[in-house]
Amino acid sequence: MLKPSHNKLTPIAGLTRFARGQSWQHQIRYSSANVNTAIPASKQKFIPTSGTYPAGFLVGAAHAGVKASNTSFPDVALICSETPCSAAAVFTTNKFQAAPVQVSKEIIKKSAGKGIRAVVINSGCANAVTGKLGLEDAKSMGAKVDECNGVSSDDAGSTIVMSTGVIGQRLPIQKILNAIPKAHSSLGSEHNAWLATARAICTTDTFPKLLSQSFTLPSSPTRTYHLAGMTKGAGMIHPNMATLLGILCTDVPIEPTALQSLLTHAVTRSFNSISIDGDTSTNDTLAILANGAAGGEPITSTSTSSADYAAMRDILTSFAQSLSQLVVRDGEGATKFVTVRVRNSPSHEDAKTIASTIARSPLVKTALYGKDANWGRILCAIGYAPGVAQGTVVPERTSVSFKPVDGSAVLKLLVNGEPETVDEERASAILQSEDLEIVVDLGGGEKGEKGMGGEEGVYWFCDFSHEYVTINGDYRT
């Protein structure tokens, strides 16, 4: 069985700054990482002060100057394994897929998820909608990493490539190729190296998003395994696998087919269940590498009848949820972190569709920013959720409430289609909190109509503020 004491995320607390001496009256965003900015005080609690990282992985970063305004800050990140890995990935469903997405998909396909050694990422330019030359640039980034790793280049390649930043511009490829050997020479396994690498992939993010944990598996109860992950994203976020990138690393031995199954399950319930602005990017990529350096029995099955597979699925899903939620907490201009939970639906898919529709509603998001308990906007979004099965949403069976995070009683807004007399003062007090949960009950549980189920769908999202418009109105300038 899993040991609970080994299945906890590394505590995220304490103070970490990349620059000091600035006073933050409000969040300041840049289209690429800026060395002169400090992490806002409200975000410092999300920065890990230590970590427990998987064996056999080394990470590093270097400055390339992808954007001319960045004169010194690292903007090229490198994650390498000392041995070949199993690899799996999920990618954006946007039809305008960036060059690194196309190249990485081909690498995974040709290699069948075997023999992958590294991931290279640049920030500051997305290398999206850049034609054949953009494809050549993405391939050359991977080839340069292979060269640094002493891997002979073949048709498949052993390096996954990611890029993030402005769409429609060519990479300053020579600057990046010059920086890759520098990043390689800086490779390390210590916490500071992981944190610096997580920072190098940021664009409009205000803080690096990094988590790690240790755990055991049923087949090896005395053996400790590790899982680490970093992600970036703060705007153009509505993944459908915004500009969102992520890399997960583990020292558990997992075969590629099982690894892809584990990742797909986890992403459906984590990175594909978050939204900041409803925009799915051209570059969304989340990859996982498993090098097996910790030893033990390999996970080969994709069936939950396998104790190790079932345990790893739960661990990876919970970890991915925590990592993806950091993206929402750093939403551009966001002041609230909101969980919407849709209960008692005939299917998980319909519940998730309704939750997603609420999460993307500008009117819901602006009401939350204004601390206005305008539950009619929530109800409206439920009613126009696209593609849900007939009979899923029945007004006379629908209830909506606010659930405070402090454990106090829920505030009922609508019960079985009948409006409640809302205590506006209490509603306002609940909405003052940074965290909030909206609960929608479709009434399809045990007391519902015959044939209705009790499935649940969850989404995490943030509000819309004045600052979101400001940030995105001058993103390129």
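**Figure 1. Asp372, Asp423, Glu424 and Glu425 form a negatively charged patch on the surface of this predicted model.** The view is centred on Asp423, one of the four residues that gather in the patch. Asp423 is placed in the loop that links β13 (418–419) with α10 (424–431). Its relative accessible area is 42%. Because this value falls between the limits of 20% and 50%, Asp423 is classed as partly exposed.

**Figure 2. Phe96, Val129 and Ile167 make a nonpolar patch on the surface.** The patch covers about 290 Å². Phe96 belongs to the loop between β2 (76–91) and α1 (99–111). Phe96 counts as exposed because its relative accessibility is 57%, and the term applies to values over 50%.

**Figure 3. His191 is a buried residue in helix α4.** Helix α4 comprises residues 191–200. The relative accessible area of His191 is 13%; since buried means under 20%, His191 is assigned to that class. Leaving aside residues up to four places away in sequence, His191 touches Pro48, Thr49, Ser50, Gly51, Tyr53 and Leu210.

**Figure 4. The protein chain as a whole gives the setting for the close-up views.** The chain contains eleven helices and 15 strands. Of its 477 residues, 57% are buried, and His191 is itself a buried residue. The chain exposes about 18,800 Å². Carbon and sulfur atoms supply 50% of this exposed area.

Key:
Residues numbered from 1 in each chain as written. Predicted model: local features only at pLDDT ≥ 70, side-chain atom pairs only at ≥ 80, totals over all residues. Heavy atoms only, no water. Patch = residues over 30% accessible without salt bridge, like charges linked within 9 Å, V, L, I, M, F, W, Y side chains within 5 Å. Areas by Shrake-Rupley, 256 points an atom, 1.4 Å probe, with all protein chains shown as cover. Salt bridge = Lys/Arg side-chain N within 4 Å of Asp/Glu carboxyl O. Helix = DSSP H or I, 4+ residues; strand = E, 2+ residues; numbered from the N terminus. Buried < 20%, exposed > 50% of the residue type's maximum accessible area, 1.4 Å probe, protein only. Contact = heavy atoms within 4.5 Å. Lys, Arg positive; Asp, Glu negative; His and termini not counted. Charge placed at Lys NZ, Arg CZ, Asp CG, Glu CD.
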